[in-house]
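Work through the exercises below with the sequence and the 3D view open. Try each task before reading its solution.

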Amino acid sequence: MNTLIVTCPECSEDLEIPESDWLEFAEGDVLVCDSCDTELLVVSLSPPEFEVLGDLSICPKCETEFDLTDADLEHHRATCPSCGFAFTLET
Amino acid sequence: MARVWKFSDSINTDDILPGKYAPFMVGADVFHKYAFHHFRPEFALEVQPGDLLVGGKNWGLGSSREYAPKALKRLEIGGIIAKSFARIHYRNLLNLGIPAFDSLEIPDLLEDGEIVTYDRDAGIITRSSGEVLRLPPPPEFLREALKAGSILEYYKQFQKFPGE
Ligand SMILES: [Zn+2]
Ligand SMILES: [Zn+2]
């Protein structure tokens with residue numbers, strides 16, 4: 001079976017994604033680096049392209065992109081400025 | 001009829017499906033039978049398709065292992081109502097077509113083991129007392145996708161993502 005290798009742009013770790021898993025990904029999904037926990041947003045499926053999320057979050061409910069504040073990052077939670085959905089950030 | 005399974009705050013993905021029962025550990029055909037195995041060993045044996053899970057704050061924290069929501073999908077969970085969700089887990093649930101509702105009030109009202117009538121499409125829970133609880137409407141893109149079964153099914157059917 002084919003394995004997709006994604007090199008984490010933050011820590012250079014190679015993430016191996018089995019093809020069967022990759023086929024279940026959709027644009028807008030987030031991949032988390034096993035080694036440094038950096039979040040990689042899937043922006044394109046073919047060819048596979050990623051964007052480092054960093055301090056940017058995407059509301060999981062309405063898909064609005066917004067900047068996380070230092071307080072959000074410290075408390076691991078955020079509220080979408082557009083729809084008001086409050087959610088927890090993975091640590 | 002749907003049974004309410006009530007859980008506490010901060011249920012993490014490892015509570016939902018302990019890592020040692022991951023599909024590659026126990027087999028892709030049986031891993032879902034270990035859902036909540038440490039927490040409530042009776043859960044996977046007794047849960048019925050369409051049942052409701054109720055949680056507190058921070059449902060789905062922890063490593064964003066996809067097989068936790070997949071186990072719930074396999075068990076045909078009707079929906080999850082929690083006070084708040086972890087971002088990636090919430091997204092995984094929606095992608096699999098499992099309705100996830102955020103409500104601060106409803107989780108406190110419902111009791112563990114309670115039998116309710118649950119109308120997923122209308123977003124209405126009716127308790128045996130006749131009391132009607134209205135769930136917050138799911139996002140528009142999810143409503144479209146649920147009609148197709150899941151976001152993945154929607155994509156297969158229409159070659160685009162809902163909302164695109
Ligand atoms: Zn990394
Ligand atoms: Zn939003």
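**Exercise 1. Place a serine in its surroundings.**
Which residues does B:Ser103 touch, not counting residues up to four places away in sequence?

Solution. Contact means heavy atoms within 4.5 Å. By that rule B:Ser103 touches B:Ile81, B:Ala82, B:Lys83 and B:Pro136. Some ground rules belong here: this is a predicted model, in which local features need pLDDT of at least 70, side-chain atom pairs count only at pLDDT 80 or more, and totals for chains, interfaces and linings use all residues. Residues are numbered from 1 along each chain as its sequence is written, chains are lettered from A and ligands numbered from 1 in the order in which they are written, and side-chain values use heavy atoms, with hydrogens and water left out.

Next, locate the residue. B:Ser103 sits in the loop between strand 5 (100–102) and helix 6 (106–109) of chain B. Helices (H or I, at least four residues) and strands (E, at least two) are DSSP runs, numbered from the N terminus.

Then check burial. Buried means under 20% relative accessible area, exposed over 50%, and partly exposed in between (1.4 Å probe, protein chains only). B:Ser103 counts as buried because its relative accessibility is 7%.

Last, look at the polar atoms of the side chain. One lies 3.0 Å from the backbone nitrogen of B:Ile106. The backbone nitrogen of B:Glu105 lies 3.3 Å from a polar atom of this side chain.

**Exercise 2. Read the sheet of chain A.**
In what order do strands 3, 4 and 5 of chain A lie in their open sheet?

Solution. The order is 3-4-5, with antiparallel pairing. Two strands pair if DSSP finds at least two bridges between them. The edges are strand 3 (30–32) and strand 5 (49–52), each pairing on one side only. Strand 4 (residues 39–44) and strand 5 of chain A pair over four bridges. Within strand 5 of chain A, A:Phe50 stands opposite A:Val42.

Now move to the loop between strand 3 and strand 4 of chain A, where A:Thr38 is found. A:Thr38 is buried because its relative accessible area is 14%. Leaving aside neighbours within four places in sequence, its contacts include A:Cys8, A:Leu31 and A:Val52.

**Exercise 3. Sort the faces of a strand.**
Which residues of strand 6 (residues 115–119) of chain B form the covered face, and which the uncovered one?

Solution. In a regular strand the side chains alternate between the two faces of the sheet. Here B:Val116 and B:Tyr118 make the covered face. B:Ile115, B:Thr117 and B:Asp119 make the uncovered one.

Now trace the partners. Strand 1 (residues 2–6) of chain B joins strand 6 of chain B by two bridges, running antiparallel. B:Arg3 has B:Ile115 as its bridge partner. Strand 7 (residues 124–126) of chain B also runs antiparallel to strand 6 of chain B, with three bridges. There B:Ile124 stands opposite B:Asp119. The hairpin of strands 6 and 7 of chain B has four residues between the strands, and B:Gly123 takes a positive phi near 70°.

**Exercise 4. Size up the interface.**
How many residues does each chain bring to the contact?

Solution. Chain A brings 18 residues and chain B 22 residues. The buried area is about 2,000 Å², with 52% from carbon and sulfur atoms. Buried area is the accessible area (1.4 Å probe) that two parts lose on being put together, summed over both. In chain A, A:Lys61, A:Thr88 and A:Glu90 lose the most area to chain B, together 32% of what that side buries.

**Exercise 5. Find the charged pairs across the chains.**
How many salt bridges are there between chain A and chain B?

Solution. Count four. A salt bridge is a side-chain nitrogen of Lys or Arg within 4 Å of a carboxyl oxygen of Asp or Glu.

- B:Arg87 meets A:Glu39 at 2.6 Å, N to O.
- A:Glu24 meets B:Lys70 at 3.0 Å, N to O. A:Glu24 lies in the loop between helix 1 (19–22) and strand 3 of chain A and B:Lys70 in helix 4 (residues 67–74) of chain B, so the pair joins two chains.
- B:Asp102 pairs with A:Lys61, the closest N and O atoms being 2.9 Å apart. Both B:Asp102 and A:Lys61 are buried.
- A:Glu63 pairs with B:Arg91, with the closest N and O atoms 2.7 Å apart. A:Glu63 is partly exposed at 37% relative accessibility, whereas B:Arg91 is buried at 13%.

Methods: A polar contact is a pair of N or O atoms within 3.5 Å; within protein, one must be able to donate a hydrogen and the other to accept it, and residues adjacent in sequence count only if both atoms are side-chain atoms.
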